[in-house]
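Work through the exercises below with the structure open beside you. Try each task before reading its solution.

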Amino acid sequence: MNTNLKISNVTKIYPGCVANDNVSLEFNSGKIYALLGENGAGKSTLVKILSGVVIPDEGKIYLNKNILKLNSPSDAKKNDIGMVFQHFNLFETLSVFENLIIDSDEQRENLKEKIDTIMKKYNFSVDLDVPVLNLSAGQKQKVEIIRCLIRSPKVLIMDEPTSVLTEQETSELFLSLKKFSEEGILIIYITHKLKEVMQLCDEVAVMRRGKLVSVSQINNENIESLANKMVGQDLKKIKKKKENTSSEQLIKITNLNFTSEDPFETNLVDINFSLNRGECLGIAGISGNGQSELFQVLSGEIISNKNSIEFNKNFIGNLNPQERREYLMAFSPEDRLEQAAIPQMAIFENVALNNFKSSNFFNNGLINESKIKEHSKKIISEFNVNTDNIDLKSQFLSGGNLQKLIIGRELITSPDLLICFNPTWGLDVGAINYIHETLIKINEQNKSIILISTDTDELLKLSDKISVIHRGKLSKIMNAEDVTSEKLGILMGGGN
Amino acid sequence: MIVDINFVGLIIASIMASAVPLILASCGELITERSGVLNLGVEGMMIIGAISGFALMTVTGSLIIAVFGAMLAGVLISTIFAFLTQTLITNHVATGLALTIFGIGISAMIGKNFVGIPGKEFPVLFEGLKDTIPLLSPILFGHSIVFYFAFALPFITSYFLKKTKIGLIVRAVGDSPESASNQGINVRFVRYACILYGGAMCGLAGAYLSMIYTPQWIENMTGGRGWIALALVVFSTWNPIKILIGAMIFGGLTIIQFHMQAIGVRIPVQFLTALPYIVTIIVLVVISRDSRKIRLSTPSSLGKSFHKDN
């Protein structure tokens, strides 16, 4: 049976922002639809409306010509709309089976049978009796999908499903989605990744600042045309110039090991590499393979053997981050609001946080506010942070602006080495472009970068040398020109 | 030295009797905490239960009305807590502390007229079997219905949490209220219910003290048992069966203290009263070494307010 889902003139206004401005869309089963847009374009609000989490101010939704009242998530479920959220809606400490039975009305045995059938049919394998926190991101997503499939949905909405998946897992997911679509499930796929839209979808709707800007067949589009629609302006193409980099060694890591007592952390085994001035070393890998531990060891959050890190001819393995900054290292951690900045503190206070010693921010233990503010204004204008209020709490900055502020804060002291971890994670195309340009620029100024990232495209674009981390071990260092994303994918999965 | 075997039985029985209010209050609080709500008002709810039970018994003369009235009083006072923390989204810790202070104060005020009034005898079950089996008889027979209920409660609670759908929902809400809400579970309703249930059990624990354990009203008669019950929940790592063990240890400490004084071994009373807390801290240190275990057993959202965004 065909399914027809129609969104008619939906508007949702939040204080200070129109999340959805008079959006109308129509979907039919048998096709895979992409809903494309930058962060904050209103895609998430729209799917939250479809799943009953958010109630629109105006507008109606029709399923097969019948008007739908979606006042709560259970209304959506009752009407056969299934949703897989970007941030998993799972109960980590409950077992997989408990997670599945909790919103099902079926008997234990019946449900078990049903789950078995689904897993066989789509070739999923998940252990039902382990707590969810033991699962990988890809497996967690499968649990979410199984949860939807149990209800035999007419509509399946996937919100940025690949942000936590490996390449391998992504292609598996795409195969499953195509299969679902063939079986008559209407699929709406929300993403800001253009490549995926081209690979998977039949039709694409682009949103920008709460408005629907275009609906088109995928055959009539290409990556550039979609990117321009999404951003609303022509994007500059950035390309790294390949120059002869200097041969002066800046940092050398020798036999670095880290053993953790926490079973959720990864041990680092015999890390060895060196990096010259003006080079960018990219470290690829599936998240959870020791990247966060490697970042912490390099930044001094975890202190190691003194001789294991040689930086600018000094042995600094036993120094803390503050002391390493004195030797002109700078850091941009993965989690912007947890590790890089303090959300409740103002922009200028956050700027002061990494500059204790070598600055004149503090006089005899007192804060020199005007100096810090002056300095903050300089960062904001030099690094394009889109605000003029330096008293604003940093939690109110968008991800892109916050990342620019953090990178700016680190770079304004002109360090010799910047270590960054997923610097563009969750950012929109415009901000990503800006960060990439900035990183290329500092390489051109003969400064070095260690870029730990789970985004293969980013690594291939920016790195001079690439290595892959897998289960806490680093592969051999390769020249970026000799590497393809397929090759990286194999290494990331533990192959040779 | 010949130890009379029945005397040992009696000591064990008295330890069990002193464990009853701890088990009741802890099992109630455990359900509350499993739903993610930290109610530090246990002591206050217990003392309200104690005075309500005793007052109703004196006024109406009915034990049944008194016991259920005490539970209802616990429910009512916990409703205040539920309204504040779930509807008005106040901080759990501050509200719970206020509840305890409020309970102690108001119970003293109501209790003025009941000081010095003798309590009633509470009927016991299986009294005829009291002399049949050596050692076991005094342990098994001749106790009030509340006593038997208390020792069944940890098993019932464990079954409820592990095997029933409602138990699963309670755990789910405690694990992630956001996910639960997105799954269509009414988080606020579940938490209200768990808080009220906890209140009822604390009320019953209080009534046990003032009507059965020491049948009279004395101001502040819970004497910190509410705090021990709270510590016990943590001690048990939110596992009802371990509450039973912990309550026996903590209850035992009080009883042994009396007997030690009788034989003339002098350990400072203050040290023995502090022991439950010291033991709890030791247990906490031991389990925090295993981060996986603590993550699996602690309700992740414990003490955090849940705002439903719209």
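Two residues are in contact if their C-beta atoms, placed from the backbone, lie within 7 Å. This is a predicted model.

**Exercise 1. Find the buried residues of helix H17 (residues 485–492) of chain A, and say what covers them.**

Start with burial. A residue is buried if 20 or more other C-beta atoms lie within 10 Å of its own. In H17(A), Leu488(A), Leu491(A) and Met492(A) are buried. They cover an arc of only 100 degrees around the axis, so they sit on the same side of H17(A).

Now look for the cover. It includes S13, H16 and strand S21 (465–470) of chain A.

Finish past the helix end. Gly494(A) follows H17(A), and its phi is positive, near 100 degrees.

**Exercise 2. Check the length of helix H15 (residues 429–444) of chain A, then sort its residues into buried and exposed.**

Length comes before burial. H15(A) has 16 residues, and at 1.5 Å a residue they should span 22 Å. The end C-alpha atoms are 23 Å apart, which agrees.

Next, list the buried residues. They are Ala431(A), Ile432(A), Ile435(A), Leu439(A), Ile442(A) and Asn443(A). Their arc around the axis is only 115 degrees, which puts them on the same side of H15(A). The reason for such spacing is general: an α-helix has 3.6 residues a turn, so residues three or four places apart point the same way.

Then turn to the other side of H15(A). There Glu437(A), Lys441(A) and Glu444(A) are exposed.

Last, name the cover. The buried residues of H15(A) are covered by elements including strand S13 (280–284), helix H14 (399–411), strand S19 (417–421), strand S20 (448–452) and helix H16 (456–462) of chain A.

**Exercise 3. Describe the two non-glycine residues Asp270(A) and Asn446(A) by phi, place and exposure.**

Keep the background in mind. Most residues other than glycine have a negative phi.

Take Asp270(A). Its phi is positive, near 45 degrees. Asp270(A) belongs to strand S12 (residues 268–276) of chain A. It has 11 other C-beta atoms within 10 Å, so Asp270(A) is exposed. The cut-off for exposed is 12 or fewer.

Take Asn446(A). Its phi is also positive, near 65 degrees. Asn446(A) comes just after H15(A), in the loop between H15 and S20 of chain A. Asn446(A) has 16 C-beta neighbours inside 10 Å, so it counts as partly exposed.

**Exercise 4. How do helix H1 (residues 5–34) of chain B and helix H9 (residues 187–213) of chain B pack: roughly parallel or roughly antiparallel?**

Begin with the axes. Those of H1(B) and H9(B) come within 7 Å and cross at roughly 170 degrees. That makes H1(B) roughly antiparallel to H9(B). The cut-off is over 145 degrees.

Next, pick out the residues that meet. From H1(B) they include Ala17(B), Val20(B), Leu24(B), Gly28(B) and Ile31(B). From H9(B) they include Cys194(B), Gly198(B), Met201(B), Ala205(B) and Tyr208(B).

Then class the contact. H1(B) and H9(B) bring 18 nonpolar, three polar and one charged residues to it.

**Exercise 5. How many residues does each chain give to the contact between chain A and chain B?**

Count by chain. Chain A gives 22 residues and chain B gives 16 residues.

Find the main contributor on chain A. Helix H2 (residues 73–78) of chain A supplies the largest share of that side, three residues.

Class the side of chain A that touches chain B. It has 13 nonpolar, four polar and five charged residues.

**Exercise 6. Place Ser181(B), then say which residues are in contact with it beyond its neighbours within four places in sequence.**

Locate Ser181(B) in helix H8 (residues 177–182) of chain B. It has 20 other C-beta atoms within 10 Å, so Ser181(B) is buried.

List the contacts. Outside four places in sequence, they are Val187(B) and Lys308(B).

Compare sequence with space. Ser181(B) and Phe306(B) are 125 residues apart in sequence, yet 9.9 Å apart in space, C-alpha to C-alpha.

**Exercise 7. How many residues separate Phe160(B) from Thr87(B) in sequence, and what is their C-alpha to C-alpha spacing?**

Place Phe160(B) in helix H6 (residues 145–163) of chain B. With 18 C-beta neighbours inside 10 Å, Phe160(B) counts as partly exposed.

Read off the pair. Phe160(B) and Thr87(B) are 73 residues apart in sequence and 26 Å apart in space.

Conventions
Residues are numbered from 1 along each chain as its sequence is written. Chains are lettered from A and ligands numbered from 1 in the order in which they are written. This is a predicted model: local features need pLDDT of at least 70, side-chain atom pairs count only at pLDDT 80 or more; totals for chains, interfaces and linings use all residues. Helices (H or I, at least four residues) and strands (E, at least two) are DSSP runs, numbered from the N terminus. The expected span of a helix is 1.5 Å times one less than its number of residues. The arc is that of the directions from the helix axis to the C-beta atoms. Axes are lines fitted to C-alpha atoms, for helices over the stretch in contact, and angles run from 0 to 180 degrees between N-to-C directions. Angles under 35 degrees count as roughly parallel, over 145 as roughly antiparallel, 65 to 115 as roughly perpendicular and the rest as oblique. Ala, Val, Leu, Ile, Met, Phe, Trp, Tyr, Cys and Pro count as nonpolar, Asp, Glu, Lys and Arg as charged, and the others, Gly among them, as polar.
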